[in-house]
Amino acid sequence: MKSRKLSRKRQRATIVGAAAASVVAGAALLPNWSAGAASVADPTVDAATKATFQRLADAVFTDRTDALVGDDGAKQKTSRFSGDVRLSSAQSRAEKSALAKLESRKARLAELGEKYRSANTKVTLDRARVKGRHASVDVTETTTLAYDKATGTEPKTTGFEAHHTLTFKADREGNWQLTNVRDTDDGVAVNQVQATAFVATPMTGDSTPPSATRSATTWPAPAKAKNFTASGYDYKAMAAYAAKYWKNYNPAYPNFNGEGAGGDCTNFVSQSLKAGGWKHVPGYVNDFHKWFGNSDIQSDSFVGVNEFSWFALSSKRVTSLANVYQADIGDVVQMDFNKDGSKDHTMIVTYRSPQGVPYLSYHSTNTYNRSLASIIASYPNAAYYAYRT
């Protein structure tokens, strides 16, 4: 459907507060960069239009984040902007659905005793590619949420950095519409509606890998205190490493994020464990009994979700926990999103509250101190595996 031209009064329209929701509702069409043209050839994307792409993305992800903030909390207000971009009808429906799911997630979180009292979301444009009437825009979202009523040593905030690709299409008048939003991290961001499974490395070798025991997710969990001295590992060093490199990656290791790379979650956890004293077991990269990683070479068990589990269990470096809420600092938690038997995601515990709630940090999406309650509320149908390191 063609976008109609807007009057000067309408050209000063802004998106304030729940901006994306307004666009979703179809109440605000944004002004026309190419006003006066009955039909244009392939439209160009100048700096002003790129800025509009970025700000619309900011509005969309701000709305998603705000859907998780408690009703008595402080909602964000997006910056004023104008430009010739709006959501397509299909994307409007998709955003309505996303916001509804996130509102349900907020309710599940409240049942678990967790609320966010405020949030801050910012989006930067990394790259824009234009071909004819189609534009593909890569953006980075940086979001911080403040936990409600955090006390003592409990984390005051949780934060993440996510990457997205937005697709735009221009009509014959040169008016751009946002037609799709795609998460490119293969991650589990707080405001992400649905997780994307990681790429599991196929097993090679001549022995059968051990099977992990699925952990219960009931709260509260039976007590299982961790002995922080028995293993000889430095669990505080593991947590400190994760705190340092959850967002700013260690250049001494390769980064496995990006299209077809499989995700960096297990690579990050392995680095954290290595910082706390896990020693290399050299050998063939595809032998899950081996474990090693540096800037030049990494074993499958160092970077692969399932291979890590096989190595950790077969080497006796970990034991399975009956309940995921028993996990403590330096312990590892894995998820199988669709319960197909192949694990998809690896995380490390970087804090445990006095009430017994683990907080996890991970790559893909880069996240620090996200509560286990939040993760379970977001993915209640996933299978969870917890390992005492």
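Here is a walk through this structure, starting with the whole chain and then moving to a few of its parts. Keep in mind that you're looking at a predicted model.

Let's begin with the big picture. The protein chain has nine helices and twelve strands. It runs to 389 residues, and 53% of them count as buried. Now think about which residues touch each other: among contacts with a separation of 6 or more, 68% are between residues 24 or more positions apart. As for the outside, the accessible surface of the chain is about 16,900 Å², and carbon and sulfur atoms make up 51% of that.

Time to zoom in on a helix. In H5, which covers residues 235–245, the buried residues are Tyr235, Met238, Ala239, Tyr241, Ala242 and Tyr245. Why do these residues line one face of the helix? Look down the axis of H5: its buried residues fall within an arc of 155°, so they end up along one face. The general rule behind this kind of pattern is that an α-helix has 3.6 residues a turn, so residues three or four places apart point the same way. And what sits on the face of H5 turned away from the buried side? There you'll find the exposed residues Lys236 and Lys244.

The buried residues of H5 have neighbours, of course. They pack against helix H6 (265–275), strand S9 (345–352) and strand S10 (358–362). At its N-terminal end, H5 also wears a cap: a side-chain oxygen of aspartate 234 lies 3.3 Å from the backbone nitrogen of lysine 236.

Next up is helix H8, residues 305–314. Nine of its ten residues are buried, so H8 is largely enclosed by the rest of the structure. The buried ones include Trp310, Phe308 and Phe311, and also Asn306, Glu307 and Ser309. What covers them? The cover includes the helices H6 and H7 (300–303), along with strands S7, S8, S9 and S12. Just past the end of H8, lysine 316 takes a positive phi of about 65°.

Strand S12 is part of that cover, so to speak, and it deserves its own stop. Six of the six residues of S12 are buried, so this strand too is largely enclosed by the rest of the structure. Its side chains go two ways: Ala383, Tyr385 and Tyr387 point one way, while Tyr384, Ala386 and Arg388 point the other, and all are buried. S12 also has strand partners. With S7 it pairs in the antiparallel sense over three bridges, and leucine 321 has alanine 386 of S12 as its bridge partner. With S8 the pairing is antiparallel as well, over five bridges, and here aspartate 336 is matched with alanine 383 of S12.

Now for the charged side chains. How many salt bridges does a search of the whole structure find? The count is seven. One of them involves S12: arginine 388 and aspartate 331 meet at 2.8 Å, N to O. Arginine 388 lies in S12 and aspartate 331 in the loop between S7 (319–321) and S8 (332–336), so the pair ties together parts that are 57 residues apart in sequence. Are these two partners buried or exposed? Both arginine 388 and aspartate 331 are buried. Elsewhere, salt bridges that share partners join Asp71, Glu103 and Lys106 into one network.

Another salt bridge links glutamate 95 with arginine 64, with the closest N and O atoms 2.7 Å apart. Glutamate 95 belongs to helix H4 (residues 89–111) and arginine 64 to helix H3 (residues 47–66), so this pair ties together parts 31 residues apart in sequence. Glutamate 95 and arginine 64 are both buried. Then there's aspartate 138 with arginine 129, where the closest N and O atoms are 2.9 Å apart. Aspartate 138 is buried, at a relative accessible area of 16%, whereas arginine 129 counts as partly exposed at 28%.

Finally, let's visit a loop. Proline 282 lies between H6 and H7, and its 61% relative accessibility makes it exposed. Leaving aside residues up to four places away in sequence, proline 282 touches Lys290 and Phe292. Its C-alpha atom is separated by 9.8 Å from that of glutamine 298, which is 16 residues away along the chain.

How values were computed:
Residues are numbered from 1 along each chain as its sequence is written. This is a predicted model: local features need pLDDT of at least 70, side-chain atom pairs count only at pLDDT 80 or more; totals for chains, interfaces and linings use all residues. Side-chain values use heavy atoms; hydrogens and water are left out. A salt bridge is a side-chain nitrogen of Lys or Arg within 4 Å of a carboxyl oxygen of Asp or Glu. Helices (H or I, at least four residues) and strands (E, at least two) are DSSP runs, numbered from the N terminus. Buried means under 20% relative accessible area, exposed over 50%, partly exposed in between (1.4 Å probe, protein chains only). Contact means heavy atoms within 4.5 Å. Accessible areas come from the Shrake-Rupley method with a 1.4 Å probe; for residues, only the protein chains shown count as cover. The arc is that of the directions from the helix axis to the C-beta atoms. A polar contact is a pair of N or O atoms within 3.5 Å; within protein, one must be able to donate a hydrogen and the other to accept it, and residues adjacent in sequence count only if both atoms are side-chain atoms. Two strands pair if DSSP finds at least two bridges between them.
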